[in-house]
Amino acid sequence: MLVNFVTDEPGKIPAIRAMLEPQFHILPQVLQSDDPETGANGMLMVDADLRKMDCVERIKRVLRVKRANPEKMFVVPGHLQVMIAQAYALGATAVVSRPREIISKLIQFANDEKADHNDADSASPETRNSATAFESIFSTAHEGKPVNLADAEYATSQIITNIARNGFNRWLDEIRRHHEGTFQHCLLVTGIAVGFALDLGFCEADVKRLGLSATLHDIGKARIPLAVLDKRGELTPAEEEIMRWHPVIGYDLLKDIPRISNEALDGVRHHHEYLDGSGYPDGLAGSDISDLVRLLTISDIFAALIELRPYRPAMSRPDAYKILCGMNGKLEGALVKAFQGVALNGTKPAVRSR
Ligand SMILES: [Fe+2]
Ligand SMILES: [Fe+2]
């Protein structure tokens, strides 16, 4: 289970990690930073001095981001009644004071979460977690707010875990059964890129790099009018022009995020470029297109072909792969060839690394 640990003292983070990892995955955030960094997933655990008003105000900001999460645990010294009252006023669902209580509450939350998931449907927890994170990323971008990189990283890690554990084919089935539209597309592209990277034997860091780039690649579509994005049928030339702006919009949405990597920005801006220079938005050609982008573009096209669209049925994987093979000069032939295994057979449920 993911625990978003929010504190006013950075010194508390190593202690909480030592106590809870690896049983729980800790995502720490220090309240002094201006941007709410916690993701929209997992539970919230707050350990801060609730007697200080500035601290309380910052927690309220974090809670606004975390409003979708039902579990909010506050760690408060047992004798400080004023802090206990403040914790409940902030919406605490549990107030604890001792390490033993922290652990038993977390185990209880984790068990409740598992039971909910078993009841809900047959999708794996990782699929649901990544979809929820995608929802948060897209709704934030749609509202014009800064994209939360922690959500994107979390979604990516959940997809990697799922595919490494269960294999690509099962994951693909889940996504096609439970999601649709732009969401389905972004989830599919990420999974295909991750499957591709695992199949090529990429190291963990490179799998994550490509995965994150895929997670964010179409974020610019969050700002495209729904009338264009969800239109049934062919787009008019004017609508086509609007759609062609999404890589630049995505790049602009992400470029000022402090921790964003150049590779992720490259993937977002250039995943519609072709080796022969006929792509958009910058008309890059040949060696100006990085290896990561070449892999991403293949994954993106394959995903688009095997998706169910309102105006056409999903294409079979062999037919979609045949189209990739026919895109001579636009895609790198050696990579298309290397993609054959994932495209036609998927990956086996095991992580390969070198
Ligand atoms: Fe795109
Ligand atoms: Fe795409």
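Biologist: What arrangement do the 4 donor atoms make around the iron ion (ligand 2)?
Modeller: They subtend angles of 83 to 169 degrees, which makes the arrangement irregular. Four donors would be tetrahedral if all angles lay between 85 and 135 degrees; four count as square planar and six as octahedral if opposite donors are over 155 degrees apart and all others between 65 and 115, and anything else is irregular. Keep in mind that this is a predicted model: local features need pLDDT of at least 70, side-chain atom pairs count only at pLDDT 80 or more, and totals for chains, interfaces and linings use all residues, while side-chain values use heavy atoms, with hydrogens and water left out.

Biologist: Which residues are the protein donors of that iron ion (ligand 2)?
Modeller: His 185 (NE2), His 217 (NE2), Asp 218 (OD) and Asp 300 (OD), lying 2.1 to 2.3 Å from the ion. Donors here are N, O and S atoms within 2.8 Å of the metal (3.2 Å for Na, K and Ca); water is not among the atoms, so sites may look incomplete. On numbering, residues run from 1 along each chain as its sequence is written, and chains are lettered from A and ligands numbered from 1 in the order in which they are written.

Biologist: What spacing do the donors of the iron ion (ligand 2) follow along the chain?
Modeller: The spacing is H-x31-H-D-x81-D. His 185 sits in helix α8 (residues 181-199) and His 217 in the loop between α9 (204-216) and α10 (226-229), so this pair, 32 residues apart, links distant parts of the chain. Helices (H or I, at least four residues) and strands (E, at least two) are DSSP runs, numbered from the N terminus.

Biologist: How far apart are the iron ion (ligand 1) and the iron ion (ligand 2), and which residue coordinates both?
Modeller: They are 3.3 Å apart, and Asp 218 coordinates both.

Biologist: And what are the protein donors of the iron ion (ligand 1)?
Modeller: Asp 218 (OD), His 246 (NE2), His 271 (NE2) and His 272 (NE2), lying 2.2 Å from the ion. Their spacing along the chain is D-x27-H-x24-H-H. The 4 donor atoms subtend angles of 84 to 173 degrees, which makes the arrangement around the iron ion (ligand 1) irregular.

Biologist: Switching to helices, at what angle do α5 and α6 cross?
Modeller: Roughly 155 degrees, with the axes of α5 (residues 125-142) and α6 (residues 149-166) coming within 8 Å. Axes are lines fitted to C-alpha atoms, for helices over the stretch in contact, and angles run from 0 to 180 degrees between N-to-C directions. α5 and α6 are therefore roughly antiparallel. Under 35 degrees counts as roughly parallel, over 145 as roughly antiparallel, 65 to 115 as roughly perpendicular and the rest as oblique.

Biologist: Is the α5 crossing of α6 left-handed or right-handed?
Modeller: Left-handed, that is, the near helix is turned anticlockwise from the far one by less than a right angle, with clockwise being right-handed. The contact (heavy atoms within 4.5 Å) includes Ala 133 and Phe 134 of α5 and Tyr 154 and Ala 155 of α6. By class, that contact has 8 nonpolar, 7 polar and 3 charged residues. Ala, Val, Leu, Ile, Met, Phe, Trp, Tyr, Cys and Pro count as nonpolar, Asp, Glu, Lys and Arg as charged, and the others, Gly among them, as polar.

Biologist: How do α6 and α9 pack?
Modeller: At about 120 degrees, with their axes 9 Å apart. That makes α6 oblique to α9. The contact includes Ile 160 of α6 and Leu 212 of α9, and its residues divide into 7 nonpolar, 3 polar and 2 charged.

Biologist: And at what angle do α9 and α14 pack?
Modeller: About 55 degrees, with axes 10 Å apart. The crossing of α9 and α14 is right-handed. Arg 209, Leu 210, Ser 213 and Ala 214 of α9 meet Leu 292, Leu 295 and Leu 296 of α14.

Biologist: Last one: is the peptide bond from Tyr 280 to Pro 281 cis or trans?
Modeller: Cis, with omega near 5 degrees. Pro 281 is in the loop between α13 (262-270) and α14 (291-306).
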